[in-house]
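Here are a few exercises to work through with the viewer open. Try each one yourself before reading its solution.

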Amino acid sequence: MIDLEKSVTQQIESTFLKERGIELFIKRDDLLHSEISGNKWRKLKFNLDKCVHQKNAGILTFGGAYSNHLVAAAAACASVGLKSIGIVRGEELNSKSNGTLVRCEEYGMELQFISREEYSLRNERYYHEELLLESSNFLVVPEGGANYLGMIGCQELISEIDGDFDSIFVAQGTTTTSCGLALGLDEDQKMYVVPTLKGFNSFEEMNSLFNKAALSQEAIDQIENQIVVCDQYHFGGYGKCTQELLEFIHDFHTNHRIKLDPVYTGKAMYALMDLAKSGTLDNQKIIFIHTGGIQGSQSIIDKTGFNFYS
Ligand SMILES: Cc1ncc(COP(=O)(O)O)c(C=O)c1O
């Protein structure tokens, strides 16, 4: 069983924030591990545990061409001697198509490339059964590690934060991370979630995960009262970005020597700074969760020709 050191919590020095009485700390989960970083480790930890205890051969999971989750699953399985199978969206791809897939294969992941149509079945039980005919004794973990065990792994993060705080900021994809964090909040704490998908219904998605955890409607309502959805910071939608966002990430790196990624954490930090400008966050102690994702940045640097970490 692998267990990583606790991640550090780092204060951000900024006159802009100081003038507003805001204390900002970043929980540096991005530094947990070179590949199994950020929320990936949190979401995989108990799934790996289950695999080991059940004596599964390994993990079978799903992801897109640049999936942070696939690399993390491949690396995590390799480190505990488990096998891994990655079902990848896009039959036109192969294991040399990009750096993410190359790394998956280097960690021993068996990659299977399927059509978008077939990929749309990724959450169907009968499809899992079909896949398991070929790969019996594998544990199926959903895309992005989005299951109950993933959520519980994310809840653990809250107990690692020393001292009190007013709010948490976190990027949202499948909502697994934010649902887990929400379970660990005190009643007087708030969580700001920043969905990276355009037109995403955060509460509906969170409800469905909380329901899987058998939470009562009363408990769900109480938790959701503490959540603020910041849905105007998707920058065009999942995987999309603008020059303004890339410049923001560049300036943040120049000023604080911390890398943010353009798909998730860059958007969440932009939202935080924008809300801070509007006065919404005055006099708060805020914890920003750095959920990692830096491995995906290289493809955007290559595509745009702008090295936002230079
Ligand atoms: C770097 C990064 N941050 C945030 C998220 C969003 O997390 P979740 O899907 O648990 O909402 C993801 C996706 O898993 C991610 O890769």
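## Strand pairing, helix crossing and loops

Keep in mind that this is a predicted model.

**Exercise 1.** Find Met191 and work out which residue of strand 9 stands opposite it.

*Solution.* Start at Met191: the residue opposite it is Ile227, in strand 9. Next, zoom out to the strands themselves: strand 8 and strand 9 (residues 227-229) pair in the parallel sense over three bridges. Then look at strand 7 (residues 167-172), which also pairs with strand 8 in the parallel sense, over six bridges. In that pairing, Ala171 stands opposite Val194 of strand 8. Finally, trace the connection: the chain leaves strand 7, passes through helix 8 (residues 176-183) and arrives at strand 8, a right-handed β-α-β crossover.

**Exercise 2.** Decide why strand 8 is largely enclosed by the rest of the structure.

*Solution.* Take strand 8 as residues 190-195 and check burial residue by residue, using the cut-off of 20 or more other C-beta atoms within 10 Å. Five of the six residues pass, so the strand is largely enclosed by the rest of the structure.

**Exercise 3.** Classify how helix 11 and helix 12 are oriented to each other: parallel or perpendicular?

*Solution.* First get the geometry: the axes of helix 11 (residues 243-256) and helix 12 (residues 265-277) come within 10 Å and cross at roughly 85°. An angle from 65 to 115 degrees counts as roughly perpendicular, so that is the label for this pair. Now list who meets whom: helix 11 brings Leu245, Phe248, Ile249 and Phe252, while helix 12 brings Gly266, Lys267, Met269 and Tyr270. Sorted by character, the contact has six nonpolar residues, one polar and one charged.

**Exercise 4.** Is Val263 buried or exposed?

*Solution.* Locate Val263 in the loop between helix 11 and helix 12. Count neighbours: 22 other C-beta atoms lie within 10 Å, so Val263 is buried. Then skip everything within four places in sequence, and the contacts left are Thr196, Gly239, Gly293 and Gly296. As an extra check, the C-alpha atoms of Val263 and Ser297 are 8.2 Å apart, with their positions 34 residues apart along the chain.

**Exercise 5.** What is the phi of Asn137, and what is the phi of Asn283?

*Solution.* Recall the background: most residues other than glycine have a negative phi. Asn137 has a positive phi of about 65°, and Asn283 has a positive phi of about 60°. Asn137 sits in the loop between helix 6 and strand 6; with 13 C-beta neighbours inside 10 Å, it is partly exposed. Asn283 sits in the loop between helix 12 and strand 10; with 9 other C-beta atoms within 10 Å, it is exposed.

Technical notes:
Residues are numbered from 1 along each chain as its sequence is written. This is a predicted model: local features need pLDDT of at least 70, side-chain atom pairs count only at pLDDT 80 or more; totals for chains, interfaces and linings use all residues. A residue is buried if 20 or more other C-beta atoms lie within 10 Å of its own, exposed if 12 or fewer, and partly exposed in between; C-beta atoms are placed from the backbone. Helices (H or I, at least four residues) and strands (E, at least two) are DSSP runs, numbered from the N terminus. Two strands pair if DSSP finds at least two bridges between them. A crossover is right-handed if, with the strands pointing away from the viewer, the path from the first strand over the helix to the second runs clockwise. Axes are lines fitted to C-alpha atoms, for helices over the stretch in contact, and angles run from 0 to 180 degrees between N-to-C directions. Angles under 35 degrees count as roughly parallel, over 145 as roughly antiparallel, 65 to 115 as roughly perpendicular and the rest as oblique. Two residues are in contact if their C-beta atoms, placed from the backbone, lie within 7 Å. Ala, Val, Leu, Ile, Met, Phe, Trp, Tyr, Cys and Pro count as nonpolar, Asp, Glu, Lys and Arg as charged, and the others, Gly among them, as polar.
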